[in-house]
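Thanks for coming. I will go through one model this morning, starting with how far it can be trusted and then moving from the core to the charged pairs.

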Amino acid sequence: MTTRVQGATFRYSHTIGRGEEAGTGFKNPVSVARGADDLMYVVSRAYDYRSDSKRITVCTVDEDYIGEIGNAGRLGGEMMDTGDSDAPGSMVWPTSIALDRAGNVYVSDEWLNRIAMFTPDGEWLGAWGTEGDADGEVAQPSGIAFDSEDNIYVVDTGNNRVQKFTKDGQFLAKWGRQGTGDGEFDMPWGISIDTEGDIYIADWRNDRIQKFAPDGQFLMKFGGSGSEDGEFNRPADVAVDKEGLIYVADWRNDRLQVFDAEGRFITKIIGDATLSKWGITKLDANPDMKRQREIAQGLEREKFLRGPIGVVVDDEDRVFIVDSQRNRIQIYRKIPPFFVGLYDGGRL
C-alpha cells in the first residue's frame, strides 16, 4: 500500500520475521537498530520461561540471516551459559538497542538495571549500571540513544527521568521527575535524537511526546490520551527523520502515526504486511502447515500492526516498525513526490 501525504509518500516495502525461539525469526521483538552494510540488530524479549530466546538477531534488510548475540551464544557459534543472569552476554528483560559510532552494540535491560555492551560481531565487552535513584543510578532503564559526540542518553523509566552518560557509563547529566507538567514524566519509554541534537521522549503513561534541548530544556509537547488522529494510547517509541518528520509507535492503538516538526498530525500507518522470506521458507518446508493456511479464515488480518513497540528511520528514509505481537518488522519507505512514479512497480 502507498500512503500519500503532502511532500512525501509512504510506501510499504516488505516484512522481515516470523515467530521463532531461535534462528530465522523473532520472539516478542522490542527494538531494532540499523548498522552498516544494511545490517539490522533486532532484540527479542521473549518470555520468562525461555531464557535462550532472549537474544539479538543479526540480519540484513533483505532478510539474510547472519547470526545471534546474547543468551544463546554469539556470532561465530560459541555458546554461553543460559541459566545465569549474571553470565557474560545474558539478558533477562532486554528493552532497547543502540549502536555507537564504532558499531558496538548497547542493550538496556530493565530487570538487570544495566546497559550491556557487545562488539559488532557479538563479543561481550561488559556492562554498567547500578540500581537506585541517585545520580548515575537507574531503575528499569528502557530507551537508549547516542548523540553526535557518542554520549548515550538513557530513559530511566522507574525514576521518571532521562540521564546522560559517556558510553562507558560515566554520569554526565539528568532531568525529569514524575508528573504531568512540562518536562515531567510518567513511565517514559522510547527516545530519539534529531540532527540538531534535540531529544524526543515517548512519555508512555502520559500519552504524549516531549521534546528537549540537549541540556534537558523543555521545548515542545504534543499528543493526548485517545484513539483519534494525533492522540495516543501508550506511545512506546519515537523516531525523527533527517527532514524533521516525527514517527510514533502508538502501541495500544496498533498504529504508527507521523507528525510534522511542530507536532501536527500528518498520517498514520496500520500495516500492510506480507509473508516474509523466512515465513515462505518455513511454509515450503511444512506442506501441512501450508495447506492449513490455504483454508484458514481471516488471514487478511495478518497484515495489520499489533502492538507496535519500536520505530527507527534510517538514512535512506526507510521506516522500520517493530510489530511486537506478530514477531516481525514491517518496512516502509518515504519517497519524495518526484520519485513516486519510479517506485510504483514493485518492492523497494
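Over which residues does pLDDT stay under 50? That is residues 76-83, and for them the model has 15 contacts beyond four places in sequence. This is a predicted model, so a caution applies to that stretch. Where pLDDT is low, the predicted coordinates should not be read in detail. I will therefore leave the 15 contacts of residues 76-83 alone. For the protein chain as a whole, pLDDT averages 91, and 90% of the residues score at least 70.

Now the overall picture. The protein chain has 25 strands and 3 helices. There are 348 residues in the chain, and buried residues make up 58% of them. If you take the contacts with a separation of 6 or more, 47% are between residues 24 or more positions apart. The chain exposes about 14,900 Å², and carbon and sulfur atoms supply 46% of that area.

Next, the core. In soluble globular proteins, nonpolar side chains tend to be buried together. Here the largest nonpolar core has 30 residues, and those touching the most other members are M40, Y41, I56, I97, V105 and I329. Several strands give two or more residues to this core, among them β3 (29-34), β5 (55-60), β7 (94-99) and β8 (105-109). From further along the chain, β24 (318-323) and β25 (328-335) are also on that list. Strand β4 gives the most, with 4 residues. There is also a second, separate core of 15 residues, including V258, L305, V319 and I321.

Take I56 as an example from the largest core. Leaving out residues up to four places away in sequence, I56 touches Y41, V42 and V43, and also G67, E68 and I69. The rest of its contacts are M91, I97, V105, V107 and F118.

One of those partners, V43, is worth a look on the screen. V43 sits in strand β4. It counts as buried because its relative accessibility is 0%, and the cut-off is under 20%. Beyond four places in sequence, V43 touches N28, P29, V30 and S31, together with R55, I56, P94 and I97. V43 and P29 are 14 residues apart along the chain, and their C-alpha atoms are separated by 5.5 Å.

F26 is another buried residue, with a relative accessible area of 0%, but F26 lies in a loop, the one between β2 (8-16) and β3. S53 is 27 residues from F26 along the chain, with 8.4 Å between the two C-alpha atoms.

On to the charges. Side chains of opposite charge can pair when their charged atoms come close. How many salt bridges does the structure hold? It holds 30, and I will show three of them.

The first is D150 with K167, where the closest N and O atoms are 3.2 Å apart. This pair links distant parts of the chain, 17 residues apart: D150 is in the loop between β11 (141-146) and β12 (152-156), and K167 is in the loop between β13 and β14. D150 counts as buried because its relative accessibility is 7%, whereas K167, at 30%, counts as partly exposed.

While we are in that second loop, look at T166, which is also between β13 (161-165) and β14 (171-175). The side chains of T166 and D168 are joined by a polar contact of 2.3 Å. Not counting residues up to four places away in sequence, T166 touches W128, N151, I152 and L172.

The second pair is R161 with D156, a salt bridge of 2.7 Å from N to O. Both R161 and D156 are buried.

The third is R291 with D288, and here the closest N and O atoms are 2.2 Å apart. Both residues lie in helix α2 (residues 287-295), 3 residues apart, which is about one turn of the helix. Are these two buried or exposed? R291 is partly exposed because its relative accessible area is 46%, while D288, at 52%, counts as exposed.

Last, a network. R34, D38, D314, E316, R318 and R333 are joined into one by salt bridges that share partners.

That is the end of the tour.

Note on methods:
Residues are numbered from 1 along each chain as its sequence is written. This is a predicted model: local features need pLDDT of at least 70, side-chain atom pairs count only at pLDDT 80 or more; totals for chains, interfaces and linings use all residues. Side-chain values use heavy atoms; hydrogens and water are left out. A nonpolar core is a set of buried Ala, Val, Leu, Ile, Met, Phe, Trp, Tyr and Cys residues joined through side-chain atoms within 4.5 Å. Buried means under 20% relative accessible area, exposed over 50%, partly exposed in between (1.4 Å probe, protein chains only). Contact means heavy atoms within 4.5 Å. Accessible areas come from the Shrake-Rupley method with a 1.4 Å probe; for residues, only the protein chains shown count as cover. A polar contact is a pair of N or O atoms within 3.5 Å; within protein, one must be able to donate a hydrogen and the other to accept it, and residues adjacent in sequence count only if both atoms are side-chain atoms. A salt bridge is a side-chain nitrogen of Lys or Arg within 4 Å of a carboxyl oxygen of Asp or Glu. pLDDT is the predictor's confidence in each residue, from 0 to 100.
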